[in-house]
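Please consider the model shown here, beginning with its sheet and ending with the surroundings of its ligand.

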Amino acid sequence: MNKVPELHEVLYLSTLAPDAPLKVVASIASQARKANQAAGITGLLVFDGMQFCQHIEGPRKAVLALTERIRQDPRHVDVDILYHGPLAQRRFRHFGLGYTAVEDVDVLARLRDAGADAALAQFLALQPTLDLDG
Ligand SMILES: Cc1cc2nc3c(=O)[nH]c(=O)nc-3n(C[C@H](O)[C@H](O)[C@H](O)COP(=O)(O)O)c2cc1C
């Protein structure tokens, strides 16, 4: 009998690299959508015009390997892992991209000082306020 892989989740915050054009966000998102589907990774990438906050979940090995690649990606800086840990059940059915409204520019920044559990809870609570692309 095949063992079901252990699930893991990671939440991080980062800032678009100062020299990166805004259009990299669209290319990151389309690349991520395809690669994540192939790797069994679901979650949500939120961008507010300056900062990224991303939740990824899936098989532990795949999530940890992706986290390492993301950390080294020069298209963003100040990558700060807010939360990581084992997960009993996926929170998302797909991998999606969301935008926060302009008046909410501080929403993501506040997560940095929230503490791991609160950061995760606040990120998940953001979902209904996002423009999601499906
Ligand atoms: C903010 C941000 C989010 C990213 N999210 C993902 C993602 O969810 N899935 C993914 O495969 N790559 C994502 N990437 C791209 C990875 O950093 C990396 O370029 C990609 O995994 C391909 O790596 P490779 O060229 O070493 O194969 C993201 C990059 C950035 C800057």
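In the account below, two residues are in contact if their C-beta atoms, placed from the backbone, lie within 7 Å. Angles run from 0 to 180 degrees between N-to-C directions. The model itself is predicted.

The sheet offers a suitable starting point. Strands of a sheet pair through backbone hydrogen bonds, either parallel or antiparallel. Here six strands form an open sheet with mixed pairing, in the order β4-β1-β3-β2-β5-β6. Its edges are β4 (76-87) and β6 (131-132), each of which pairs on one side only. Within the sheet, β1 (residues 7-16) and β3 are joined in the antiparallel sense over nine bridges. One residue of this strand pairing is Leu7, whose bridge partner in β3 is Pro59.

Two helices can then be placed against these strands. Helix α1 packs on the sheet, where it touches β2 (42-47), β3 and β5 (95-99). The direction of α1 makes about 155° with that of β5. Helix α4 (residues 116-126), in turn, lies across β1, β2, β3 and β4 and runs at about 95° to β4.

Which residues are closest to the ligand? Of the 16 residues that surround the ligand, the closest are Ala32, Ala35, Phe52, Asp73 and Arg75. The elements that give two or more residues to this shell are α1 (24-39), β3 (51-59) and α2 (60-71). The largest share, five residues, comes from α1, the helix that also packs on the sheet. By class, the shell comprises eight nonpolar, five polar and three charged residues.

Terms used
Residues are numbered from 1 along each chain as its sequence is written. This is a predicted model: local features need pLDDT of at least 70, side-chain atom pairs count only at pLDDT 80 or more; totals for chains, interfaces and linings use all residues. A residue is near a molecule or strand if its C-beta atom, placed from the backbone, lies within 6 Å of it. Helices (H or I, at least four residues) and strands (E, at least two) are DSSP runs, numbered from the N terminus. Ala, Val, Leu, Ile, Met, Phe, Trp, Tyr, Cys and Pro count as nonpolar, Asp, Glu, Lys and Arg as charged, and the others, Gly among them, as polar. Two strands pair if DSSP finds at least two bridges between them.
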